[in-house]
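Reader: I have a new structure to read. Please walk me through it, one feature at a time.

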Amino acid sequence: METVARGLAQRVTGDVIESVWLGSRPQPMKSPPELMAKTLERRRIAQVRRMGKHIVFDLEPTGGGGGRAQWIVHLGMTGRMLVCDAQTETAKHTHAVVKLASGREVRFVDARMFGKLSVRTEAGFDPGGAEPLEVDLETFAGFFRGRKTPIKSALLNQKLLRGVGNIYADESLARARVRPRRRAASLTRAELRLLYRALQRVLRDAIEMGGSSVSDYVGADGEEGFFQIRHWVYGREGQPCRRCKTAIQRVVIGGRSSHYCPKCQK
């Protein structure tokens, strides 16, 4: 998500939204289509940023049109935000096309329609939770004290840490040598310090490599990421651990696939 937001920011910041086309399927629309189009049109894109698992377009008025507003996008499992030339063929399952003054278009494509689009007519969107790349160690460790839930579930709790996804939770736990089923409260101070550092390192490396393209993920330019080639455990069930050669195992925790090494992770 951070990679997508950065790619969008590089391509569309400062551009002006001229018109909006929205598809007829209601599933992706959390705001009424009429309100969404009215809120977006004739506004300049001041910045694009990630907030948790959302991409937020901060909009400002141009000329006499409206006030500050926000366009909020959640990609769900299969959503894509692409910046295209207007002449580029429109992909199947395109649910929104935002035409820009530069002649380019921002397109929202989502085959399974788990992604959501919404607008705020004033700034102030807050998804809750702490940013994992900004939180300090003391705050991070405090999130897990007394929690009886598995540490994997706690890492995915967006009310604690916003934006940590399934892949990066698995990869961080693998690097910290912590088994995903461990009760969060059972982790020692030393283990929490290792997990904190592992999570920061994994997220920074993933951003640098453009994310993990293991399903439908692509960046704003339509290109795949490459962090999947550095996965230690995620998607490697049955393959040898990169440390000890033990076969990676897969379990389901809280409805999510979790991958780990039964020897290295305790």
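Reader: Among the contacts in the chain with a separation of 6 or more, what share comes from residues 24 or more positions apart?

Author: This is a predicted model. Residues 24 or more positions apart make up 61% of those contacts.

Reader: How many helices and strands does the chain have?

Author: The chain has six helices and 10 strands.

Reader: How do I read the radius of gyration of the chain?

Author: Compare it with a rule for globules. A compact globule of 266 residues would have a radius of gyration near 18 Å. The chain has 20 Å, which agrees. Along the principal axes, the C-alpha atoms fill a box of roughly 60 × 35 × 30 Å.

Reader: What percentage of the residues count as buried?

Author: Buried means under 20% relative accessible area. By that cut-off, 50% of the 266 residues are buried. The accessible surface of the chain is about 12,700 Å², and 48% of this belongs to carbon and sulfur atoms.

Reader: Now a helix. Why is H5 said to be largely enclosed?

Author: Start with the general idea. An α-helix has 3.6 residues a turn, so residues three or four places apart point the same way. Now the case here. Helix H5 covers residues 166-176, and 11 of its 11 residues are buried, so the rest of the structure largely encloses it. Among them are Tyr168, Asp170, Glu171 and Arg175.

Reader: What covers the buried residues of H5?

Author: The cover includes helix H4 (151-156), helix H6 (189-208) and strand S10 (256-260). After H5 comes arginine 177, with a positive phi near 65°.

Reader: And a strand? Which strands pair with S3?

Author: In a regular strand the side chains alternate between the two faces of the sheet. Here, S3 pairs with strand S2 (residues 43-51) in the antiparallel sense, over eight bridges. S3 is also joined to strand S4 (residues 69-74) by six bridges, again antiparallel.

Reader: Which residue in S3 stands opposite arginine 43?

Author: Proline 61 does. Towards S4, phenylalanine 57 has tryptophan 71 as its bridge partner. The hairpin of S2 and S3 has two residues between the strands, and glycine 52 takes a positive phi near 65° there.

Reader: Why is S3 called largely enclosed?

Author: Count its buried residues. Six of the eight residues of S3 (residues 54-61) are buried, so the rest of the structure largely encloses this strand.

Reader: Last, the charges. How far apart are the mean positions of the positive and negative charges?

Author: They are 10 Å apart, for 46 positive and 27 negative charges.

Conventions. Residues numbered from 1 in each chain as written. Predicted model: local features only at pLDDT ≥ 70, side-chain atom pairs only at ≥ 80, totals over all residues. Heavy atoms only, no water. Buried < 20%, exposed > 50% of the residue type's maximum accessible area, 1.4 Å probe, protein only. Helix = DSSP H or I, 4+ residues; strand = E, 2+ residues; numbered from the N terminus. Contact = heavy atoms within 4.5 Å. Pairing = 2+ DSSP bridges. Rg over C-alpha atoms; globule rule 2.2 N^0.38 Å. Areas by Shrake-Rupley, 256 points an atom, 1.4 Å probe, with all protein chains shown as cover. Lys, Arg positive; Asp, Glu negative; His and termini not counted. Charge placed at Lys NZ, Arg CZ, Asp CG, Glu CD.
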